[in-house]
Amino acid sequence: MNFYPRTSIVDYLSIYSASQAAILHIGDSQQIRSRNNVIAIQQVPADFEEDLYGFNDFEIFHRPEPNTPIVSDTNMQNMHVFPTIKVHRVYITGAAGASIVHIGSTETIQTDTRIKHIRDFRTYAEIAAQNEEKKKEKENKICHP
(Lines give C-alpha, C1' and ligand atoms only; values in the text may rest on other atoms or scores of the structure.)
Protein backbone atom coordinates (compact mmCIF):
# COMPACT_ATOMS: atom_id res chain seq x y z
CA MET A 1 0.00 0.00 0.00
CA ASN A 2 1.23 3.47 -0.72
CA PHE A 3 -0.12 5.04 2.46
CA TYR A 4 1.04 4.97 6.03
CA PRO A 5 -0.69 2.33 8.10
CA ARG A 6 -2.85 3.76 10.84
CA THR A 7 -4.81 2.49 13.77
CA SER A 8 -8.60 2.80 13.51
CA ILE A 9 -10.45 3.46 16.75
CA VAL A 10 -14.24 3.30 16.94
CA ASP A 11 -15.87 4.12 20.28
CA TYR A 12 -19.39 2.98 19.37
CA LEU A 13 -20.78 1.23 16.31
CA SER A 14 -24.44 0.25 15.91
CA ILE A 15 -25.62 -1.69 12.85
CA TYR A 16 -29.23 -2.82 12.85
CA SER A 17 -28.91 -5.10 9.81
CA ALA A 18 -26.07 -6.31 7.58
CA SER A 19 -26.84 -8.86 4.89
CA GLN A 20 -26.35 -9.97 1.27
CA ALA A 21 -22.57 -9.66 0.91
CA ALA A 22 -22.32 -6.47 2.99
CA ILE A 23 -18.88 -5.88 4.47
CA LEU A 24 -18.05 -4.15 7.74
CA HIS A 25 -14.33 -3.42 7.93
CA ILE A 26 -12.48 -1.42 10.53
CA GLY A 27 -8.83 -0.84 9.69
CA ASP A 28 -6.71 -0.42 6.59
CA SER A 29 -6.99 -2.78 3.65
CA GLN A 30 -5.36 -3.15 0.29
CA GLN A 31 -8.33 -4.51 -1.65
CA ILE A 32 -12.01 -5.06 -0.91
CA ARG A 33 -14.18 -7.06 -3.31
CA SER A 34 -17.89 -7.60 -2.71
CA ARG A 35 -20.25 -9.35 -5.11
CA ASN A 36 -23.92 -10.21 -4.74
CA ASN A 37 -26.29 -12.03 -7.12
CA VAL A 38 -29.97 -12.16 -6.21
CA ILE A 39 -33.11 -13.60 -7.74
CA ALA A 40 -36.09 -12.12 -5.87
CA ILE A 41 -39.43 -13.75 -6.60
CA GLN A 42 -42.72 -12.16 -5.59
CA GLN A 43 -45.36 -14.79 -6.16
CA VAL A 44 -48.97 -15.08 -5.07
CA PRO A 45 -49.57 -17.77 -3.96
CA ALA A 46 -46.01 -18.58 -2.86
CA ASP A 47 -44.53 -21.84 -4.17
CA PHE A 48 -41.63 -22.95 -1.99
CA GLU A 49 -41.49 -26.53 -3.26
CA GLU A 50 -39.39 -26.06 -6.40
CA ASP A 51 -36.65 -23.85 -7.68
CA LEU A 52 -38.42 -22.37 -10.68
CA TYR A 53 -35.61 -19.99 -11.61
CA GLY A 54 -31.82 -20.23 -11.64
CA PHE A 55 -28.97 -17.81 -12.33
CA ASN A 56 -28.29 -19.55 -15.65
CA ASP A 57 -31.80 -18.61 -16.82
CA PHE A 58 -31.05 -14.87 -16.97
CA GLU A 59 -28.57 -12.96 -19.09
CA ILE A 60 -27.97 -10.28 -16.45
CA PHE A 61 -25.88 -12.73 -14.39
CA HIS A 62 -23.62 -13.54 -17.36
CA ARG A 63 -22.84 -10.03 -18.55
CA PRO A 64 -19.18 -9.07 -18.15
CA GLU A 65 -18.41 -6.64 -15.38
CA PRO A 66 -17.95 -3.06 -16.53
CA ASN A 67 -14.27 -2.26 -16.68
CA THR A 68 -13.67 1.17 -15.22
CA PRO A 69 -10.07 2.15 -15.87
CA ILE A 70 -8.07 3.29 -12.87
CA VAL A 71 -6.48 6.65 -13.58
CA SER A 72 -2.85 6.15 -12.68
CA ASP A 73 -1.48 9.57 -13.62
CA THR A 74 -2.98 11.17 -10.50
CA ASN A 75 -0.31 12.45 -8.15
CA MET A 76 -1.51 12.51 -4.58
CA GLN A 77 0.38 13.01 -1.37
CA ASN A 78 -1.08 12.39 2.06
CA MET A 79 0.25 13.70 5.30
CA HIS A 80 -1.32 12.03 8.28
CA VAL A 81 -0.66 14.31 11.23
CA PHE A 82 -2.17 11.77 13.62
CA PRO A 83 -1.42 8.04 13.34
CA THR A 84 -5.04 7.11 14.08
CA ILE A 85 -8.47 7.33 12.53
CA LYS A 86 -10.77 8.08 15.44
CA VAL A 87 -14.53 7.76 15.09
CA HIS A 88 -16.76 8.52 18.03
CA ARG A 89 -20.14 7.06 17.00
CA VAL A 90 -21.58 5.42 13.92
CA TYR A 91 -25.27 4.49 13.53
CA ILE A 92 -26.22 2.42 10.49
CA THR A 93 -29.75 1.24 9.80
CA GLY A 94 -28.82 -1.27 7.12
CA ALA A 95 -26.10 -2.40 4.77
CA ALA A 96 -26.88 -4.90 2.00
CA GLY A 97 -26.34 -5.75 -1.64
CA ALA A 98 -22.51 -5.70 -1.72
CA SER A 99 -22.32 -2.43 0.22
CA ILE A 100 -19.26 -1.61 2.28
CA VAL A 101 -19.00 0.13 5.65
CA HIS A 102 -15.30 0.88 5.97
CA ILE A 103 -13.40 2.90 8.54
CA GLY A 104 -9.81 3.08 7.36
CA SER A 105 -7.82 3.44 4.17
CA THR A 106 -8.28 1.26 1.10
CA GLU A 107 -6.29 1.11 -2.09
CA THR A 108 -8.94 -0.60 -4.27
CA ILE A 109 -12.66 -1.25 -3.79
CA GLN A 110 -14.82 -3.24 -6.24
CA THR A 111 -18.51 -3.96 -5.71
CA ASP A 112 -21.08 -5.60 -7.94
CA THR A 113 -24.76 -6.29 -7.28
CA ARG A 114 -27.03 -7.92 -9.83
CA ILE A 115 -30.69 -8.38 -8.98
CA LYS A 116 -33.42 -9.98 -11.06
CA HIS A 117 -36.82 -9.22 -9.52
CA ILE A 118 -39.68 -11.36 -10.77
CA ARG A 119 -43.32 -10.61 -10.03
CA ASP A 120 -45.53 -13.60 -10.78
CA PHE A 121 -49.26 -12.94 -10.25
CA ARG A 122 -50.84 -15.97 -11.87
CA THR A 123 -53.92 -17.53 -10.33
CA TYR A 124 -53.97 -20.69 -8.22
CA ALA A 125 -55.45 -22.61 -11.16
CA GLU A 126 -52.73 -21.45 -13.58
CA ILE A 127 -49.94 -22.40 -11.14
CA ALA A 128 -51.56 -25.79 -10.40
CA ALA A 129 -51.84 -26.54 -14.13
CA GLN A 130 -48.20 -25.59 -14.71
CA ASN A 131 -47.07 -27.73 -11.76
CA GLU A 132 -49.01 -30.72 -13.13
CA GLU A 133 -47.33 -30.23 -16.52
CA LYS A 134 -43.90 -30.16 -14.90
CA LYS A 135 -44.63 -33.35 -12.92
CA LYS A 136 -45.70 -35.13 -16.12
CA GLU A 137 -42.54 -33.94 -17.91
CA LYS A 138 -40.37 -35.29 -15.06
CA GLU A 139 -42.21 -38.62 -15.07
CA ASN A 140 -41.74 -38.92 -18.84
CA LYS A 141 -38.02 -38.21 -18.51
CA ILE A 142 -37.66 -40.85 -15.80
CA CYS A 143 -39.73 -43.50 -17.63
CA HIS A 144 -38.45 -42.72 -21.14
CA PRO A 145 -34.85 -41.44 -21.07
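Me: Let's start at the surface: how much area does the chain expose, and what share do carbon and sulfur atoms supply?

Reply: The chain exposes about 11300 Å², and 52% of that comes from carbon and sulfur atoms. Keep in mind that this is a predicted model. On the burial side, 21% of the 145 residues in the chain count as buried.

Me: Which elements does the chain contain, and in what order do they run?

Reply: You will find 1 helix and 6 strands in the chain. Reading from the N terminus, the order is β-β-β-β-β-β-α. For contacts between residues at least 6 apart in sequence, 79% join residues at least 24 apart.

Me: Now the inside. Which residues make up the largest nonpolar core?

Reply: It has 7 residues, namely I85, V87, V90, I92, A95, V101 and I103. Two strands, β4 (84–95) and β5 (100–103), each supply at least two residues of this core. The biggest share comes from β4, which gives 5 residues.

Me: I'd like to zoom in on one core member. What does I92 touch, leaving aside its neighbours within four places in sequence?

Reply: I92 is in contact with L13, S14, I15, Y16 and V101. Among these partners, V101 also belongs to the largest nonpolar core.

Me: On to charges. What is the general idea, and how many salt bridges does a search of the whole structure find?

Reply: Side chains of opposite charge can pair when their charged atoms come close. Here the search finds 6 salt bridges. A good one to read first is R35 with E65, whose closest N and O atoms are 2.7 Å apart. R35 lies in strand β3 and E65 in the loop between β3 and β4, so this bridge ties together parts that are 30 residues apart in sequence.

Me: Are R35 and E65 buried or exposed?

Reply: Neither word quite fits. R35 is partly exposed, at 36% relative accessible area, and E65 is also partly exposed, at 34%.

Me: Which other salt bridge does R35 make, and where does its partner D112 sit?

Reply: The side chain of R35 also meets that of D112 in a salt bridge, at 3.6 Å from N to O. This pair links distant parts of the chain, since R35 is in strand β3 and D112 in strand β6 (residues 106–120), 77 residues apart. D112 has a relative accessible area of 11%, so it counts as buried.

Me: Which residues are linked in a network of salt bridges?

Reply: The network takes in R33, R35, E65, D112 and R114. Another bridge to look at joins the side chains of E59 and R63, at 2.9 Å from N to O. R63 is partly exposed, with a relative accessible area of 42%.

Me: How should I read aromatic pairs, and how many are there in the whole structure?

Reply: A pair of aromatic rings is described by the distance of the centres and the angle of the planes. The search finds 2 aromatic pairs. In one of them, Y12 and Y91 form a tilted pair, 5.6 Å centre to centre with 50° between the planes. This pair joins distant parts of the chain, with Y12 in strand β1 (residues 7–18) and Y91 in strand β4, 79 residues apart. Y12 counts as partly exposed at 39% relative accessibility, whereas Y91 counts as exposed at 57%.

Me: Why is the pair of F55 and F61 edge-to-face?

Reply: The angle decides it, because planes over 60 degrees apart count as edge-to-face. The planes of F55 and F61 stand at 80°, with the ring centres 4.8 Å apart, so the pair is edge-to-face. As for cover, F55 is partly exposed at 39% relative accessibility, while F61 is buried, with a relative accessible area of 8%.

Me: One last residue, S29. Where is it found, and what does its side chain contact?

Reply: S29 is in strand β3, which covers residues 29–43. Its side chain makes a polar contact with the side chain of T106, at 3.1 Å.

Me: And why does S29 count as buried?

Reply: The cut-off for buried is under 20% relative accessible area. S29 is at 8% relative accessibility, so it counts as buried.

Terms used:
Residues are numbered from 1 along each chain as its sequence is written. This is a predicted model: local features need pLDDT of at least 70, side-chain atom pairs count only at pLDDT 80 or more; totals for chains, interfaces and linings use all residues. Side-chain values use heavy atoms; hydrogens and water are left out. Helices (H or I, at least four residues) and strands (E, at least two) are DSSP runs, numbered from the N terminus. Buried means under 20% relative accessible area, exposed over 50%, partly exposed in between (1.4 Å probe, protein chains only). A polar contact is a pair of N or O atoms within 3.5 Å; within protein, one must be able to donate a hydrogen and the other to accept it, and residues adjacent in sequence count only if both atoms are side-chain atoms. A nonpolar core is a set of buried Ala, Val, Leu, Ile, Met, Phe, Trp, Tyr and Cys residues joined through side-chain atoms within 4.5 Å. Contact means heavy atoms within 4.5 Å. A salt bridge is a side-chain nitrogen of Lys or Arg within 4 Å of a carboxyl oxygen of Asp or Glu. Rings of Phe, Tyr and Trp (its six-membered ring) pair if their centres lie within 6.5 Å; planes under 30 degrees apart count as stacked, over 60 as edge-to-face and the rest as tilted. Accessible areas come from the Shrake-Rupley method with a 1.4 Å probe; for residues, only the protein chains shown count as cover.
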